[in-house]
Amino acid sequence: MSRLGFLWSLVFSRMPYPIRLVMNLIVLPFIALRAIFWIIRDHAKESPVNMMAFEELTAQLQLVEHDSDESLDQVRALTAAIHAVIEEGDFATLDETLIKLDQSRAATPMGHRLWRTVLAAVWSKIMDGRKTETDECGEYPTDPIPYDAIEPYINAARANPESYALGGLAGFICLKVGWGQRGGDYAPFVTEEAFADMSKLFEIADGFLTRFDAKTLSSPMLADIAYQREAGLDGSLSALEKIFEVQVSLDPGDHAALAQHAFHLLPRWYGDYQVLGDAAQKVYAGLHANQGAAPYAAFYLDLLADDDGALASVDLGLFCEGVTDMIAHSTAPQATVNSILARLSEIWAGHPAQSRDLDDRKGQVRALFQEITRTHLTDVIGPYWKMSRKERFYLIGQAFEEDLAAGETVLLGRQEAA
């Protein structure tokens with residue numbers, strides 16, 4: 001359904017304005033009837049928790065709340081350190097840091113690879129103060145980034161041709177800027193000028209990236225950048241799969257690589273839902289001996305909130321098992337629990353389901369959210385949730401709606417925190 005909607009949006013936008021106006025008038029009654037249906041249905045399903053005043057809810061549902069944790073502190077500290085290194089123009093330290101983090105597979109307690117933090121820190125420094133806009137897939141500059149903003153990184157890579165870290169970094173930056181010039185992931189129409197601007201930057205990136213082989217250098221970072229390059233150049237599915245296999249072989253525990261590959265197997269990219277499902281099963285088969293079903297859940301977790309086709313095709317039994325395994329294998333279980341709950345909530349509390357079958361599946365995800373909340377959540381770490389404190393309270397409260405509706409007080413995590 002989401003695939004058909006995407007294709008229809010492309011056709012509709014090409015229609016002359018009078019035809020679009022007539023089409024809108026024709027479908028308006030059907031849209032109105034559908035909206036009425038959803039309003040009535042959702043009202044009938046309304047949780048008693050949502051009827052409570054916020055003051056009443058916070059009095060009955062008492063949470064242990066934090067603004068940070070060890071993983072977030074580590075990311076923030078490293079980001080600040082990289083910003084300082086950039087301001088000093090100390091590319092030798094930047095080179096050394098990237099190589100060390102990449103080769104050691106260094107990660108936060110939650111499992112986030114720290115070389116990713118360095119790349120993100122460099123990009124945030126480039127974007128500092130620039131106007132951007134955000135869509136479903138990320139943040140992009142509204143105006144072209146001038147060459148002199150990225151020139152220091154290109155010059156540093158050219159001055160150190162043996163450094164795979166500086167070469168990879170320069171390539172990464174050129175890919176990011178080029179992709180922004182194109183218009184990002186959801187640009188339905190791209191001008192020849194935008195494609196030309198992107199191609200120039202991708203050619204510069206190729207000049208650095210083709211010097212090095214990720215597998216030979218045992219570099220997950222280079223493999224990831226190579227993947228982004230292939231995806232951005234309208235590459236082939238087979239080429240993406242080969243790079244992904246290298247990524248997984250170099251760092252089987254990097255769940256971000258799994259999520260990235262899953263995204264590019266959607267129909268609007270290089271695959272379809274059958275390809276997506278087969279790839280998820282292959283990941284599970286290859287990694288379950290050491291990680292259980294966690295890789296299967298990590299493969300799908302970021303997709304299900306935004307793509308109904310992925311939600312319809314996922315094996316929910318294996319997915320639920322995988323979510324539990326993600327928590328069990330984590331060295332920072334509360335950070336993992338918060339991150340998982342935030343993403344699960346986007347699946348079942350986000351946009352309305354497009355069919356009864358999907359509504360049932362969202363109900364299963366809701367049940368999983370509530371079960372994890374009741375059995376695993378002891379500390380609420382705000383930054384992992386992409387929502388306000390008030391929204392978090394109401395979502396968490398629904399896991400205890402019978403207790404709260406009966407007027408009881410829920411002391412979530414107090415026993416562990418005491």
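Begin by selecting Arg 105, the residue that follows helix α5 and has a positive phi, near 60°. The model on the screen is a predicted one. Arg 105 lies in the loop that joins α5 (91–104) to α6. Its positive phi deserves a pause, since Arg 105 is a residue other than glycine. Most residues other than glycine have a negative phi.

**Helix α5**

Step back from Arg 105 and select the whole of α5. This helix has 14 residues, and the distance from its first C-alpha to its last is 20 Å, close to the 20 Å expected at 1.5 Å a residue. Next, colour Leu 94, Asp 95, Leu 98, Leu 101 and Asp 102, which are the buried residues of α5. Turn the view to look down the axis of α5: the buried residues fall within an arc of 145°, so they line one face of the helix. Then rotate to the face of α5 turned away from that buried side, where the exposed residues Ala 92, Glu 96 and Lys 100 are carried.

**Helix α4**

Select residues 70–88 for helix α4. Its 19 residues reach 27 Å from the first C-alpha to the last, close to the 27 Å expected at 1.5 Å a residue. The buried residues of α4 are Ser 71, Leu 72, Leu 78, Thr 79, Ile 82, Val 85 and Ile 86. Viewed down the axis of α4, these buried residues lie within an arc of 150°, so they line one face of the helix. On the other side of α4, select Glu 70, Glu 87 and Glu 88, which are exposed.

**From α4 to α6**

Keep Leu 78 of α4 displayed and add Thr 117. The C-alpha atoms of Thr 117 and Leu 78 are 39 residues apart along the chain and are separated by 7.4 Å. Thr 117 belongs to helix α6. Thr 117 counts as buried because its relative accessibility is 3%, below the 20% cut-off for that class.

**The cavity**

Remain at α6 for the next stop. The structure holds one cavity of 30 Å³ or more. The largest cavity has a volume of about 40 Å³. To display its lining, select Trp 115, Arg 116, Pro 220, Asp 224, Gln 247, Asp 251, Asp 254 and Ala 257. Which helices each supply at least two residues of this lining? They are α6 (114–127) and α11 (220–232). Colouring the lining of the largest cavity by class shows three nonpolar, one polar and four charged residues.

**A second positive phi**

From α11, move to Ser 218, in the loop between α10 (214–217) and α11. Ser 218 is a residue other than glycine with a positive phi, near 55°. Is Ser 218 buried or partly exposed? Ser 218 counts as partly exposed because its relative accessibility is 25%.

**Two cysteines**

Select Cys 174 and Cys 320 in turn. Cys 174, at 0% relative accessibility, counts as buried. Cys 320, at 23% relative accessibility, counts as partly exposed. A disulfide is a covalent bond between the sulfur atoms of two cysteines. How many disulfides does a search of the whole structure find? The search finds zero.

**Contacts across the sequence**

The remaining stops are pairs of residues separated along the chain. Select helix α17 (residues 316–329) and locate Ile 327 within it. Ile 327 counts as buried because its relative accessibility is 6%. Add Ala 294 to the display: Ile 327 and Ala 294 are 33 residues apart in sequence, and their C-alpha atoms are 8.4 Å apart in space.

Continue to helix α19 (residues 356–376), where Ile 372 is found. With 3% relative accessibility, Ile 372 also counts as buried. Its partner for this view is Leu 341: the two residues are 31 apart along the chain, with their C-alpha atoms separated by 7.7 Å.

Finish at Gly 397, in helix α20 (residues 389–397). Gly 397 counts as buried because its relative accessibility is 0%. Display Gln 370 beside it; the C-alpha atoms of Gly 397 and Gln 370 are separated by 9.1 Å, and the residues are 27 apart along the chain.

Key. Residues are numbered from 1 along each chain as its sequence is written. This is a predicted model: local features need pLDDT of at least 70, side-chain atom pairs count only at pLDDT 80 or more; totals for chains, interfaces and linings use all residues. Side-chain values use heavy atoms; hydrogens and water are left out. A disulfide is a pair of cysteine sulfur atoms within 2.5 Å. Buried means under 20% relative accessible area, exposed over 50%, partly exposed in between (1.4 Å probe, protein chains only). On a 1 Å grid over the protein atoms alone, a cavity is a set of points where a 1.4 Å probe fits but cannot get out, and a pocket is an open set with protein on both sides within 12 Å along at least five of seven lines; lining residues have an atom within 4 Å of a point. Grid points are joined across faces, edges and corners, and a volume is the space filled by probe spheres set on the points. Helices (H or I, at least four residues) and strands (E, at least two) are DSSP runs, numbered from the N terminus. Ala, Val, Leu, Ile, Met, Phe, Trp, Tyr, Cys and Pro count as nonpolar, Asp, Glu, Lys and Arg as charged, and the others, Gly among them, as polar. The expected span of a helix is 1.5 Å times one less than its number of residues. The arc is that of the directions from the helix axis to the C-beta atoms.
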